[in-house]
Amino acid sequence: MPGGGQEPGSYYVGVDVGTGSVRAALVDQRGVLLAFADQPINQWEPQFNHHEQSSEDIWAACGVVTKKVVQGIDVNRIRGLGFDATCSLVVLDKQFRPLPVNHEGDSHRNIIMWLDHRAVSQVHRINETKHGVLQYVGGVMSVEMQAPKLLWLKENLRETCWDKAGHFFDLPDFLSWKATGVTARSLCSLVCKWTYSAEKGWDDSFWKLIGLEDFVADNYSKIGNQVLPPGASLGNGLTPEAARDLGLPAGIAVAASLIDAHAGGLGVIGADVRGHGLACEGQPVTSRLAVICGTSSCHMGISKDPIFVPGVWGPYFSAMVPGFWLNEGGQSVTGKLIDHVVRGHAAFPELQAKATARCQSVYAYLNSHLDLIKKARPVGFLTVDLHVWPDFHGNRSPLADLTLKGMVTGLKLSQDLDDLAILYLATVQAIAFGTRLIIEALEAAGHSLSTLFLCGGLSKNPLFVQMHADITGMPVVLSQEVESVLVGAAILGACASGDFASVQMTLQPSSQDPPPLPDHTALLNRTRPPSPGGNV
């Protein structure tokens with residue numbers, strides 16, 4: 001619902017930094033994407049489980065995509081800019097220059113990526129403390145959070161990195177600093193990945209106990225002692241230097257940021273579902289589970305009161321939707337797992353050639369191939385003798401065990417295209433069963449969920465969506481605007497501009513005004529419960 005101050009024809013720019021690319025969108029007041037651009041970004045893996053990126057590369061890619069989406073428009077109608085990004089760790093020195101996060105001393109590679117698992121020893125020691133802050137991350141901290149990564153840097157790169165460091169940013173906060181010169185951190189980042197409490201602030205005893213008392217001594221200046229809610233306006237807006245880099249007007253409002261999955265959750269969880277006969281139309285927003293599925297899958301459920309769910313992150317207060325507690329389940333590298341399984345199969349070259357000949361993606365070809373070989377039975381029954389345990393990168397939720405590994409049972413000696421298609425199906429089903437386990441854990445702890453709202457790259461795959469509907473037995477809602485993460489980022493810019501009074505106002509369409517979010521359509525309404533094997 002508009003806050004009353006926006007001018008006719010106002011635009012907002014959302015920028016999303018994912019694992020493999022930077023994307024931008026120009027969005028109007030109704031949440032409709034008018035222009036879209038993306039740009040790949042570099043990754044390095046100097047050794048197994050070490051994953052690094054460059055903040056300079058990423059910022060340059062931001063400029064490429066923002067300049068593309070504003071081509072041909074009156075840039076003076078752009079009112080706000082919002083960023084979201086993966087929860088990767090950016091390290092800068094006291095002069096804001098990149099520092100190396102690697103043994104090679106390459107300062108260009110100054111980001112430890114979210115999926116990096118180098119800090120296994122450190123996270124085990126942190127969890128052995130059983131400190132009280134751990135109850136807000138499901139009881140067990142993940143190796144993908146920032147405290148273990150910081151401890152790894154102190155213990156392994158003391159001279160080349162740790163002693164020289166002046167600023168440790170979550171990537172979303174690095175982007176908002178780069179745009180405005182303001183070092184304030186987003187409440188979303190600090191609460192979800194750094195053990196900050198929206199109510200109590202930092203806990204000195206935790207940092208002292210794990211050996212990072214350095215932060216306490218300097219009043220947390222290196223990791224954030226000014227914290228703002230997502231969507232809050234930063235400083236004087238876009239600096240002249242950043243405006244030149246991005247091709248946007250200097251001074252436009254720039255918002256405190258969100259983690260990418262949380263931007264996706266914000267973009268879909270308030271969806272307007274009126275007129276589609278869905279049960280959730282008459283239910284509170286707390287009955288919805290947003291599932292953001294890309295390189296990984298994140299499961300966002302909100303509640304009015306804190307709910308503690310073993311093995312599931314949170315409860316986090318106001319980390320996604322202000323005034324609501326958030327629980328975040330997740331499955332590490334789901335999209336990456338599907339790619340790994342498909343590309344590693346002996347029949348992949350044949351698949352690639354046939355898909356190219358049809359001008360299809362390999363996944364569109366696999367989906368049609370499964371329809372060809374299913375015969376008279378539902379496609380799910382093709383995997384009756386083949387099963388995948390999908391935790392190739394450990395289990396994030398609800399088991400919270402990074403030592404778990406993947407498994408495939410039911411393999412045969414044949415390696416033809418049929419075998420590849422069925423292994424792909426079994427992998428997708430395994431991921432959907434992981435979602436079902438997370439839902440069961442959330443509901444056992446007190447959540448009441450009725451509908452899944454999917455977004456992200458994997459939500460564009462009809463098989464992935466259908467298996468989630470079949471295996472959870474829940475209706476699945478997809479947005480007409482498929483780029484929901486970018487809508488979430490643009491919502492932040494709209495809030496920072498003052499055109500909308502709050503994040504909540506953008507999530508509550510009224511009967512008098514067009515909804516500020518796009519119309520959403522129920523594409524699947526799966527009411528029949530899954531069979532015991534889930535293969536319906």
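Which residues does L326 touch, not counting residues up to four places away in sequence? The exercises below treat this question and several others.

The structure is a predicted model, in which local features need pLDDT of at least 70 and side-chain atom pairs count only at pLDDT 80 or more, whereas totals for chains, interfaces and linings use all residues. Residues are numbered from 1 along each chain as its sequence is written, and side-chain values use heavy atoms, with hydrogens and water left out.

**Exercise 1. Describe the surroundings of L326.**

Step 1. Locate the residue: L326 is found in strand β16. Helices (H or I, at least four residues) and strands (E, at least two) are DSSP runs, numbered from the N terminus.

Step 2. Establish the burial: with 1% relative accessibility, L326 counts as buried. Buried means under 20% relative accessible area, exposed over 50%, and partly exposed in between (1.4 Å probe, protein chains only).

Step 3. List the contacts, where contact means heavy atoms within 4.5 Å. Leaving aside residues up to four places away in sequence, L326 touches H262, M300, G301, I302, W313, G314, P315, Y316, A319 and M320.

Step 4. Compare with a residue elsewhere in the chain: S205 is 121 residues from L326 in sequence, and their C-alpha atoms are 24 Å apart in space.

**Exercise 2. Describe the surroundings of R396.**

Step 1. R396 lies in the loop between β17 and β18.

Step 2. Its relative accessibility is 8%, so R396 counts as buried.

Step 3. Not counting residues up to four places away in sequence, R396 touches ten named positions, which can be read off in the structure; among them are W114, E144, C298, W313 and Q331.

Step 4. R396 and V143 are 253 residues apart in sequence, yet 9.4 Å apart in space, C-alpha to C-alpha.

**Exercise 3. Characterise helix α15 and its crossing with α9.**

Step 1. Take the dimensions: α15 (residues 484-497) has 14 residues and reaches 20 Å from its first C-alpha to its last, close to the 20 Å expected at 1.5 Å a residue. The expected span is 1.5 Å times one less than the number of residues.

Step 2. Consider the burial: 14 of the 14 residues of α15 are buried, so the helix is largely enclosed by the rest of the structure.

Step 3. Examine what comes next: α15 is followed by G498, with a positive phi near 90°.

Step 4. Find the crossing: the axes of α9 (residues 260-269) and α15 come within 7 Å and cross at roughly 90°. Axes are lines fitted to C-alpha atoms, for helices over the stretch in contact, and angles run from 0 to 180 degrees between N-to-C directions.

Step 5. Classify the angle: α9 and α15 are therefore roughly perpendicular to each other. Angles under 35 degrees count as roughly parallel, over 145 as roughly antiparallel, 65 to 115 as roughly perpendicular and the rest as oblique.

Step 6. Identify the residues: D260, A263, G264, L266, G267 and V268 in α9 meet S484, V485, G488, A489, I491 and L492 in α15. By class, this contact of α9 with α15 has 7 nonpolar, 4 polar and 1 charged residues. Here Ala, Val, Leu, Ile, Met, Phe, Trp, Tyr, Cys and Pro count as nonpolar, Asp, Glu, Lys and Arg as charged, and the others, Gly among them, as polar.

**Exercise 4. Analyse the pair α11 and α12 in the same manner.**

Step 1. The axes of α11 (residues 348-357) and α12 (residues 362-373) come within 9 Å and cross at roughly 95°. That angle makes α11 roughly perpendicular to α12.

Step 2. On the α11 side F348, L351, Q352, K354 and A355 take part, meeting V362, Y365 and L366 in α12. The contact of α11 with α12 divides into 6 nonpolar, 1 polar and 1 charged residues.

**Exercise 5. Find the cis peptide bonds and positive phi values described here.**

Step 1. A cis peptide bond joins G314 and P315, with omega about 5°. P315 is found in strand β15 (residues 313-317).

Step 2. The peptide bond from S397 to P398 is also cis, with omega near -5°. P398 lies in the loop between β17 (387-389) and β18 (407-409).

Step 3. S318, a residue other than glycine, has a positive phi near 60°. S318 is placed in the loop between β15 and β16 (325-331), and at 12% relative accessibility S318 counts as buried.

Step 4. N219, likewise a residue other than glycine, has a positive phi near 55°. N219 is found in the loop between α7 (214-217) and β10 (227-228).
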